[in-house]
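Biologist: I should like a close look at a single part of this model. Please place that part in the context of the whole chain as well.

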Amino acid sequence: MKNKHESNALCPRCGQHYQGFPALSRVDNKTHICSDCGTREALESINVEPAEQEAILRIIHQHMAHVSLEK
């Protein structure tokens with residue numbers, strides 16, 4: 001059974017389709033965005049440079065792929 005908060009939507013920030021639970025944008029506190037953009041916004045808020053943000057997202061994706069393979 002799908003949770004009522006799960007999405008299959010288009011992220012207005014990056015334009016990519018995403019599935020799962022959306023993040024709430026820090027910009028206006030009401031727009032739903034993909035989890036990657038939510039992570040980027042959080043990292044931007046603590047002045048992490050864009051290149052480092054992408055490196056962090058790569059590590060998260062690698063970990064998530066590894067976790068899903070274990071199931």
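Biologist: What percentage of the 71 residues in the protein do buried residues make up? With that settled, please describe R40 and its surroundings in detail.

Modeller: The model is a predicted one, and buried residues account for 23% of the 71 residues in the protein. The protein contains two helices and four strands, and these follow the pattern β-β-β-β-α-α along the sequence. Its accessible surface amounts to about 5600 Å², with 54% belonging to carbon and sulfur atoms. Of the contacts between residues at least 6 apart in sequence, 9% join residues at least 24 apart.

Within this framework, R40 is part of helix α1, which spans residues 35-45. R40 counts as buried because its relative accessibility is 18%, and the cut-off for that class is under 20%. The buried residues of α1 are C37, G38, R40, E41 and L43. A general point helps in reading that list: an α-helix has 3.6 residues a turn, so residues three or four places apart point the same way. After α1 comes N47, which has a positive phi, near 65 degrees.

As to the partners of R40, its side chain makes a polar contact with the side chain of E54, at 2.8 Å. When neighbours within four places in sequence are set aside, the residues in contact with R40 are R13, Q53, E54 and L57. E54 thus appears both in that contact list and as the side-chain polar partner of R40.

Terms used: Residues are numbered from 1 along each chain as its sequence is written. This is a predicted model: local features need pLDDT of at least 70, side-chain atom pairs count only at pLDDT 80 or more; totals for chains, interfaces and linings use all residues. Side-chain values use heavy atoms; hydrogens and water are left out. Buried means under 20% relative accessible area, exposed over 50%, partly exposed in between (1.4 Å probe, protein chains only). A polar contact is a pair of N or O atoms within 3.5 Å; within protein, one must be able to donate a hydrogen and the other to accept it, and residues adjacent in sequence count only if both atoms are side-chain atoms. Contact means heavy atoms within 4.5 Å. Accessible areas come from the Shrake-Rupley method with a 1.4 Å probe; for residues, only the protein chains shown count as cover.
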